[in-house]
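User: Hi! I've got a model open and would love to walk through it with you. Mind if I fire off some quick questions?

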Amino acid sequence: MANLAVKVRDLDAAVACYERSGAEVRDRMAWNGGERADVYLGALMITLFTRAIYEDVVALPEEGFLHPALFTDDLDREIEGHTVLWGPEVVSGAFGTRRIAFVEAPGGIRLEFMEQLD
């Protein structure tokens, strides 16, 4: 697993809260019409977003858990048989370049599959 994605209204307040809890925050940046930041809590990475990249195709609450992000070596194989909500698309950032897609998952969440390209 790469990370857990969480949507927050106020990134400044969320970052401050995690830092007070001993987390290291890295790679804060503008991202697809919003902002994002990676929060490291030991072995767990939470990525905070003010706007989900797939927000135009899925109704989302203002805040809350979005999806787990999972690495794969074969994105096309992973999404086969799933209902794809968004992607596959190539995205870039502090994490490098990835090909990603989001699929429906039980419980009203999504799964993100990520194939690292560089």
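User: Which side chain does the side chain of Lys7 make a polar contact with?

Analyst: The partner is the side chain of Glu55, at 3.0 Å. Bear in mind that this is a predicted model.

User: Noted. Where is Lys7 placed, and is the residue buried or exposed?

Analyst: Lys7 belongs to strand β1. The residue is buried, since its relative accessible area is 7%, and the cut-off for buried is under 20%.

User: What else is Lys7 in contact with, leaving aside its neighbours in sequence?

Analyst: Beyond four places in sequence, its contacts include Phe49, Thr50, Leu60, Pro61 and Leu66. Glu55, Glu62 and Glu63 are also among the residues that Lys7 contacts.

User: How about the strand itself, how many residues of β1 are buried?

Analyst: 4 of its 5 residues are, so β1 is largely enclosed by the rest of the structure.

User: Let's zoom out. What order do the strands of the sheet have?

Analyst: The sheet is open, with 8 strands in the order β2-β3-β4-β1-β5-β8-β7-β6, and the pairing is mixed. At the edges are β2 (24–31) and β6 (84–93), each of which pairs on one side only. From one strand to the next, the twist averages 25°.

User: Which helix packs on the sheet, and which strands does it touch?

Analyst: That's α1, residues 11–20, and it touches β2, β3 (34–41) and β4 (44–49). The direction of α1 makes about 5° with that of β3.

User: Back to β1. In what sense does β1 pair with β5, and in what sense with β4?

Analyst: With β5 (residues 64–71) the pairing is antiparallel, over 5 bridges. With β4 the pairing is parallel, over 4 bridges. If you want residues to click on, Ala5 stands opposite His67 in β5, while Leu4 has Ile46 in β4 as its bridge partner.

User: Nice. And what do β2 and β3 form, with how many residues between them?

Analyst: They form a hairpin with 2 residues between the strands. Asn32 sits in that turn and has a positive phi of about 45°. The two strands pair in the antiparallel sense over 6 bridges, and one of the bridge pairs joins Trp31 to Gly34 in β3.

User: Trp31 caught my eye already. Changing topic to aromatics: how many aromatic pairs does a search of the whole structure find?

Analyst: The search finds 3. In one of them, the rings of Trp31 and Phe95 have centres 5.7 Å apart and planes at 80°, so this pair counts as edge-to-face. Trp31 is in strand β2 and Phe95 in the loop between β6 and β7 (96–105), so to speak distant parts of the chain, with 64 residues separating them. Both of these residues are buried.

User: And what kind of pair do Tyr54 and Phe102 form?

Analyst: A tilted one, with 4.5 Å from centre to centre and 55° between the planes. Tyr54 is in the loop between β4 and β5 and Phe102 is in strand β7, so the pair ties together parts that are 48 residues apart in sequence.

User: Are those two rings buried or exposed?

Analyst: Tyr54 is buried, with a relative accessible area of 1%. Phe102 is buried too, at 2%.

User: Which residues do ring pairs link into a cluster?

Analyst: Tyr54, Trp86 and Phe102.

User: Last topic, charges over rings. Which ring does the charged end of Arg36 sit over?

Analyst: The ring of Trp31, at 5.7 Å from its centre. There is also Arg26, whose charged end sits over the ring of Tyr40, 3.8 Å from the centre.

User: Tell me about Arg36 then. Where is it found, and is it buried or exposed?

Analyst: Arg36 is in strand β3 and is buried, with a relative accessible area of 4%. Its side chain joins that of Asp38 through a polar contact of 2.8 Å.

User: And which residues does Arg36 touch, not counting those up to four places away in sequence?

Analyst: Among them are Leu11, Asp27, Arg28 and Met29, as well as Thr47, Leu48 and Phe49. Trp31 and Phe95 are on the list too, and those are the two partners of the edge-to-face pair we looked at.

Technical notes
Residues numbered from 1 in each chain as written. Predicted model: local features only at pLDDT ≥ 70, side-chain atom pairs only at ≥ 80, totals over all residues. Heavy atoms only, no water. Pairing = 2+ DSSP bridges. Axes fitted to C-alpha atoms, helices over the stretch in contact; angles between N-to-C directions. Contact = heavy atoms within 4.5 Å. Buried < 20%, exposed > 50% of the residue type's maximum accessible area, 1.4 Å probe, protein only. Phe/Tyr/Trp six-rings, centres within 6.5 Å; stacked < 30°, edge-to-face > 60°. Lys NZ or Arg CZ within 6 Å of the ring centre and 35° of its normal. Polar contact = N/O pair within 3.5 Å; in protein donor to acceptor, adjacent residues only side chain to side chain.
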